[in-house]
Amino acid sequence: MNQLLYDRFLTLLEKEDKDQALTYVLDLLENKTISLTELYNDLLTPSLTNFSCQLEDKEICIWKEHARTSIIRTILEATYPYVIQKKSAKSDNPKRVLIVCPQEEYHEIGAIIATNYFLLAGYDARYIGANTPTPEILSAIKALKPDFIALSVTNYYNLFTTKKLTEAIKAQFPDVKIILGGQAFTHPKATDQLLFDIHIQQVDDIADFEQVNK
Ligand code: B12
């Protein structure tokens with residue numbers, strides 16, 4: 001972890017200084033002080049996952065969390081030119097991955113980061129969106145014919161919807177491999193009832209998940 005860089009970044013976020021936070025991060029990338037994946041892992045992810053608000057007034061905490069998420073979202077989108085620079089198609093016909101958050105799952109920062117990791121690993125990765133109803137997900141699979149569908153689930157309470165979704169996918173598209181990722185699956189037994197092929201716990205494992213799961 002780049003602690004000094006993280007502390008500086010956090011100071012800017014705590015002031016909700018979007019312009020400075022974005023400029024700071026883009027300078028780090030431009031000067032090659034950190035890599036794209038270090039930025040995702042060491043700065044962006046912990047700045048949200050470890051978000052805590054000590055204020056008495058919980059209403060203030062909520063808008064502060066939303067404000068921070070919005071800044072991180074902007075920064076994440078601003079890193080896309082670096083993804084384009086670094087992504088390298090493994091072949092002329094790279095395998096296709098659709099990344100999606102099931103219905104009611106609004107947490108999407110992790111899904112977008114995972115999408116970028118798939119792109120960096122040479123996949124034709126497409127992010128479908130947050131809170132996506134099952135019929136739309138099935139329709140996307142039909143149209144885009146992916147090799148893999150990656151489900152990003154953060155909220156543990158969305159596991160029941162996810163179970164139904166995995167059953168619907170396997171019933172209609174038995175050849176499409178289902179990847180599970182996100183905080184919801186870190187709970188013990190979270191994957192027990194689900195139909196899936198691969199569970200990837202860390203985004204860093206995306207680079208070689210096919211070798212590991214052969
Ligand atoms: C930001 C945030 C929100 C934002 C999300 C905005 C957005 N556009 O994404 C908003 C405000 C919408 C929100 C809403 C809610 N939230 Co919220 N939220 C968070 C917070 C603070 C950060 C989440 C985040 O983005 N982390 C950063 C990302 C990068 O990390 P990540 O998601 O874990 O992703 C990483 C890995 O998991 C992995 N990964 C993720 N997806 C995938 C997919 C694949 C294929 C792979 C390989 C890997 C992978 O890679 C990522 C990078 O390492 C967390 C706190 C926490 N501890 O995480 C609470 C948290 C997730 N929320 C929580 C809750 C309860 C809610 C609400 C119910 C609150 C409410 N009462 O309204 C709603 C639910 C909305 C819904 N129905 O989905 C709880 C969930 C608890 C649970 N039940 O499981 C948490 C943990 C807070 C808490 N401590 O209670 N939230």
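Around the ligand there are 28 residues (near here means that a heavy atom lies within 4 Å), and those that come nearest are Glu104, His107, Glu108, Ser152 and Gln183. Keep in mind that this is a predicted model, in which local features need pLDDT of at least 70 and side-chain atom pairs count only at pLDDT 80 or more, while totals for chains, interfaces and linings use all residues. Residues are numbered from 1 along each chain as its sequence is written, and side-chain values use heavy atoms, with hydrogens and water left out.

Let's start at the metal. The cobalt atom of the ligand has a single protein donor, NE2 of His107, 2.2 Å away; donors are N, O and S atoms within 2.8 Å of the metal (3.2 Å for Na, K and Ca), and because water is not among the atoms, sites may look incomplete. His107 itself belongs to the loop between strand E1 (96-102) and H6, where helices (H or I, at least four residues) and strands (E, at least two) are DSSP runs numbered from the N terminus.

Now look at how the shell is built. Helix H6 (109-120) is one of the elements that supply at least two residues each, along with helix H3 (36-49), helix H4 (58-78) and strand E3 (148-152). H6 gives the most, five residues. Step back once more: domain 1 (3-85) and domain 2 (89-212) both contribute to the shell, so the ligand lies between them. These bounds come from an automatic or database domain assignment.
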